[in-house]
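Subject: Structure for you to look at

Hello,

Here is the structure I said I would pass on. Please open it beside this message; my notes follow below it.

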Amino acid sequence: MLPLKRLLVAAAVMVSMTEAETIKITAQSDNTFNPNSVTAKKGDILEFHFQPRNHSVVAGDYKYPCSPLPIGSGFFSGFLDVESGEADKVFRVTVNNTDPIAFYSSQGDECPKGMVGIVNPNDKKTLDDYKKRASGLARGVTPGKTAYGGDVAGNKSPTPTGSRDTDKKDDKSASGALRAPLLPLAIAFGASQGGGPLAEYDRRVDTGLLRNDEHQRGIIESLQNLYNELRNYHAPRVTHPSLGLSKPARKSVFSSIFGSSHKTQCAIGDIPDDLPRGLYLYGDVGSGKTMLMDLFYDTLPDSVKTKTRIHFHNFMQDIHKRLHRLKMEHGTDVDAVPFVAADIAEHGNVICFDEFQCTDVADAMILRRLLECLMSQGVVLVTTSNRHPDDLYKNGIQRDSFIPAINILKSRLHVINLDSPTDYRKIPRPPSGVYHTPLDGHAKSHAEKWFRFLGDCSDNPPHSETQKVWGREIYVPRVSGRCAWFTFDELIRQPKSAADYLELVRAYDAFIITEVPGLTIRERDLARRFITFIDAVYEGNAKLVLTTEKPLTELFVSRDEIAESLLKNNPQSAVQEEAGVAAVREVMEDVDRHAEQLKDSNLFAGEEEAFAFMRALSRLKHMESKEWVERGMGLEGQGGKADRDNWSKTRSRQMEDSM
């Protein structure tokens, strides 16, 4: 039952809305709005009707005619096509304040040719001025395909154009006017009762709206984990950079050592330590991306004060438009990306992108920095895509410059595959990759899902075992089928030899290693032992699942140690510490490309240790590939049970050869 205070608030809202007026505006077949200028008070409903052929209505930026308002504000009806008469749908928008609102049709050149209007014009913002400036343009900007900022409803009241219906006088009219405002109110009440995407999924399954799917449920568990994190997350106040700091600084000697040819940019803040890791959901057409995004976006908790959902292509169009404006106003040398990111962050603590892709070199050049700037402002990103991050912008011009953006996506977002492979054992393959970073609320469920998939929990429930090596006993705390689960401390921190690891690989086909810390050079013994285990798993063709505190490139040596070592080797770089840190980050983001620089540093005790470090990284990357993970697992797409049997025979022969 709702608390009395909330009931009173809801009642007050409903009473105020019964006094609202519905103002009908028609997008006519002669490509005009009728009326094209109206006065409305707060709470009134603008009800847009549509005549032939294909019109829309968009809340426009008064300063830039025929362009939509910034992301996170305004409204868009989508295109409502009608052959004759009037469309059976109307678009209803609640007026939130009495400021002037320009609007236009974004179909082709309808806006430049005069299909514009204005709500609450004043002396400074007039219809004539907006229309005159619009006439000099070629076409209007369409903000996408999906309606937002209002409610698409059935056309139930074909009253004369320009008429006003006072909702308190007509019960039928009142119910229509209440529909749009009360929908968000109802969602807000429902969200505050707890739940999230998993509870909503269960509700839809129980009511028959959806069919239960275990693979899909596993994905929704990841959405639920993020929901739970967001309930306790409070985004920091957005910090707008100073224009004086946006001018390019002199290039440092340190940057030149590593061949960094790009223009030095103004500093951005660090990404908050408590920023929840976002989600990157990818899969083929029909894999349920839209449904999952709807489910997540509609059930976001009350702690998320602002949220935005937008098609990624339209988002990037808006970004480039903003960048162009800033450069025109402040000169081409200004580093405009942090300014734009700060403005975007004001409209969305959580930003949801539909169809993340990169096909344009202009997008590729700025994406890494844009993503970093948004995250530094505390923005949580959730996106869908048709492809894995590694496949973005494939064969694109200057793709090397886009690799850092891919690394950001993979390190700061959980990458989840929505495509559901069929397993002959009827256990769905977990949607995420085998390595999980950091040790957050998702880590435990990640390990459990893979343990169920790689083990045999139905016929061989989890239990402990003891293996013997040369008369010594090795305790294995969790086993299911031929999958063993250790924590890092149980497997590595407790002293073991190479022979112990080889025996474990003979006994088990797969390993789950959880709670792997970020090691440092001062913990060489642990790092060497871990590398020995990785080598044994790789050479035995076994599977490896990890939950780690740090990304792969920081498992054996910390970022600070790399920075310190590189700075020692190049003392003149200390002149510009900020640029030096940027160059270190460049090395860390692509360790393979800078391997020689790291091998030649004083990080390692010798050439052999440096080689072992690089080889371990290379092997870990190979073992996370789709081919390695799915080989021999019996997936129908790989040959079913015959594939598993053949793999088991091959692995058995390899183990015999190594004895």
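A good place to begin is Leu230, which, apart from neighbours within four places in sequence, is in contact with Pro276, Phe296, Leu300, Pro301, Ser303, Val304, Val350 and Val380. Please keep in mind that this is a predicted model.

Leu230 also belongs to the largest nonpolar core, a set of 68 residues. Together with Phe296, Phe315, Leu367 and Phe402, Leu230 is listed among the residues with the most contacts inside that core. Helix H10 (residues 361–376) supplies the largest share of the core, namely eight residues. There is also a second, separate core, with 56 residues, including Leu454, Val505, Leu546 and Met623.

Of these, Val505 is placed in helix H14 (residues 498–507). Its relative accessibility is 1%, so Val505 counts as buried, the cut-off being under 20%. Between Val505 and Glu539 there are 9.3 Å from C-alpha to C-alpha, although the two are 34 residues apart in sequence.

Next, the sheet. Five strands make up an open sheet with parallel pairing, in the order S14-S15-S16-S13-S17. Strand S14 (307–311) and strand S17 (413–417) each have a single partner strand, so each edge strand has one side without a neighbour in the sheet. On average, and ignoring direction, neighbouring strands are turned by 15° against each other. Within the sheet, strand S13 (residues 278–282) pairs with strand S16 (residues 380–385) through four bridges, in the parallel sense. Leu281 has Thr384 of S16 as its bridge partner.

Two helices that pack on this sheet are worth a look. H5 touches S13, strand S15 (350–354), S16 and S17, and its direction makes about 160° with that of S13. Helix H11 (residues 403–412) touches S13 and S17, with its direction at about 85° to that of S17.

H5 (residues 214–231) packs against helix H4 (residues 197–206) as well, at an angle of about 140° and with the axes 8 Å apart. Because of that angle, H4 is oblique to H5. On the H4 side the contact is made by Pro197, Leu198, Ala199, Tyr201 and Asp202, and on the H5 side by Gln216, Arg217, Ile220, Glu221, Leu223, Gln224 and Tyr227. Sorted by class, the contact has seven nonpolar, two polar and three charged residues.

The last region is around strand S1 (residues 21–27). Is S1 enclosed by the rest of the structure, or left open? Seven of its seven residues are buried, so S1 is largely enclosed. In a regular strand, side chains alternate between the two faces of the sheet. Here both faces are covered: Glu21, Ile23, Ile25 and Ala27 are buried on one side, and Thr22, Lys24 and Thr26 on the other.

S1 pairs with strand S4 (residues 45–50) in the parallel sense over six bridges, and with strand S2 (residues 33–34) in an antiparallel arrangement over two bridges. Thr26 takes part in both pairings: opposite Thr26 in S4 stands His49, and in S2 its bridge partner is Asn34. S1 and S2 form a hairpin with five residues between them, and Asn31 in the turn has a positive phi of about 60°.

Regards

Methods. Residues numbered from 1 in each chain as written. Predicted model: local features only at pLDDT ≥ 70, side-chain atom pairs only at ≥ 80, totals over all residues. Heavy atoms only, no water. Axes fitted to C-alpha atoms, helices over the stretch in contact; angles between N-to-C directions. Parallel < 35°, antiparallel > 145°, perpendicular 65-115°, else oblique. Contact = heavy atoms within 4.5 Å. Nonpolar A, V, L, I, M, F, W, Y, C, P; charged D, E, K, R; others polar. Core = buried A, V, L, I, M, F, W, Y, C linked by side-chain atoms within 4.5 Å. Buried < 20%, exposed > 50% of the residue type's maximum accessible area, 1.4 Å probe, protein only. Pairing = 2+ DSSP bridges.
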